[in-house]
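Please look through the sequence and the model together, following the strands first and the side chains afterwards. The paragraphs below go from one to the other.

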Amino acid sequence: MKSLLIIAILLLAATNINAMEINRDPRTIISFRDNSISPELDILRVTTDISNDEQLLFRIRNRGESTEGNENNYFILSMLHNKHYFLVVPLNTQQESIVSIYETSLENPDLSLSQDYSSTQEKDLTVAMSRITNGVVFSVPIAWIDFSKNIGFDAYTAKLIKQDNKMQVTHIHDQAIKSKTQEKMFPAITLFNKLCAPKRLAEK
């Protein structure tokens with residue numbers, strides 16, 4: 001009986017260690033399942049990857065998919081790199097899949113409900129997107145990344161108002177964020193080393 005108890009404790013400890021490692025991994029954010037909101041609003045994970053055509057990919061996956069309903073609900077990828085950028089696309093798959101990009105300073109690392117965000121004037125930042133099952137993929141050119149700077153990212157499903165060249169968030173449905181402010185940003189080169197390491201091993 002004691003041996004079974006010890007094994008159970010060791011398994012629990014290993015699970016906790018693995019969970020902490022996942023949370024520290026700059027490539028991934030795991031979000032808790034939230035049954036109190038609709039599946040299409042519930043973010044499960046955010047992952048990063050590098051494509052063959054030299055794009056940095058951000059994948060946001062939800063518990064379900066939106067094909068109808070409120071047209072004011074959006075995916076928001078919050079990206080911190082020199083400035084604070086918000087990559088915005090409709091949650092509803094039947095709506096136009098054009099990415100809107102807004103920006104602000106890095107002073108506030110979290111999405112605010114009380115602030116208006118203006119469209120970016122940065123011509124070098126070109127973002128593409130594609131739909132996947134229960135989610136969306138944002139593509140950012142690797143050439144745009146400044147490897148001497150830090151980078152960070154969070155994701156949200158939210159209701160917002162878009163007017164002229166500004167947006168205002170009126171309600172946040174769900175969020176996948178780094179839990180501590182000091183963990184939100186890390187050296188960009190660290191992220192790319194982590195993303196490239198498995199590929200280097202596979203080539204050997």
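Two strands are said to pair if DSSP finds at least two bridges between them. With that in mind, and remembering that this is a predicted model, one can begin with strand β3 (residues 55-62) and strand β9 (residues 135-141), which run antiparallel and are joined by 7 bridges. Within this pairing, Arg61 stands opposite Gly135 in β9. Just outside β9, the loop between β8 and β9 holds Asn134, a residue other than glycine whose phi is nevertheless positive, near 60 degrees. Asn134 counts as partly exposed, because its relative accessibility is 22% and the buried class ends under 20%.

The β3 and β9 strands belong to an open sheet of 5 strands, in which the order is β1-β2-β3-β9-β8 and the pairing is antiparallel. Which strands stand at the edges of this sheet? They are β1 (28-30) and β8 (128-132), and since each has a single partner strand, one side of each is left without a neighbour in the sheet. On average, and with direction ignored, neighbouring strands of this sheet are turned by 15 degrees against each other.

Another set of pairings involves strand β6. Strand β5 (residues 83-90) pairs with β6 in the antiparallel sense over 5 bridges, and here His84 stands opposite Thr104 in β6. β6 is also joined to β7 by 2 bridges, again with the strands running antiparallel, and in this case Tyr102 stands opposite Ser119 in β7. Of the 5 residues of β6, 4 are buried, so the strand is largely enclosed by the rest of the structure.

From the strands we can turn to the charged side chains, among which the count of salt bridges comes to 6. One of them joins Arg27 and Asp25, with the closest N and O atoms 2.8 Å apart. The two partners fall into separate accessibility classes, because Arg27, at 22% relative accessibility, counts as partly exposed, whereas Asp25, with a relative accessible area of 15%, is buried.

A salt bridge is also formed between Asp42 and Arg63, whose closest N and O atoms are 2.7 Å apart. What does this pair tie together? Asp42 lies in the loop between β1 and β2 (43-50), while Arg63 lies in the loop between β3 and β4 (73-81), so the salt bridge ties together parts that are 21 residues apart in sequence. Both Asp42 and Arg63 are buried.

The side chains of Lys184 and Asp110 meet in a further salt bridge, at 2.9 Å from N to O. This pair links distant parts of the chain, 74 residues apart, with Lys184 in the loop between β11 and β12 and Asp110 in the loop between β6 (100-104) and β7 (116-119). Lys184 is buried, because its relative accessible area is 2%, whereas Asp110, at 27%, is partly exposed. Salt bridges that share partners join Asp110, Asp154 and Lys184 into one network.

Two members of that network reappear around Ile177, which is found in the loop between β11 (166-176) and β12 (186-187): not counting residues up to four places away in sequence, Ile177 touches Ile29, Asp154, Tyr156 and Lys184. The C-alpha atoms of Ile177 and Tyr156 are separated by 8.3 Å, although the two residues are 21 residues apart along the chain. Ile177 itself counts as partly exposed, because its relative accessibility is 28%.

Strand β10 (residues 150-163) brings us to Thr157. Is Thr157 buried or exposed? Thr157 is buried, because its relative accessible area is 0%. Its side chain reaches the backbone oxygen of Leu41 at 2.7 Å, and Leu41 is also among the residues that Thr157 touches, a list that, leaving out residues up to four places away in sequence, comprises Glu40, Leu41, Ile43, Asn62, Tyr74, Phe75, Leu91, Ile172, His173 and Asp174.

The loop between β10 and β11 offers a contrast to Thr157, since Asp164 is found there and, at 76% relative accessibility, Asp164 counts as exposed. Asp164 also has a positive phi, near 55 degrees, in a residue other than glycine.

Notes: Residues numbered from 1 in each chain as written. Predicted model: local features only at pLDDT ≥ 70, side-chain atom pairs only at ≥ 80, totals over all residues. Heavy atoms only, no water. Buried < 20%, exposed > 50% of the residue type's maximum accessible area, 1.4 Å probe, protein only. Contact = heavy atoms within 4.5 Å. Axes fitted to C-alpha atoms, helices over the stretch in contact; angles between N-to-C directions. Salt bridge = Lys/Arg side-chain N within 4 Å of Asp/Glu carboxyl O. Polar contact = N/O pair within 3.5 Å; in protein donor to acceptor, adjacent residues only side chain to side chain.
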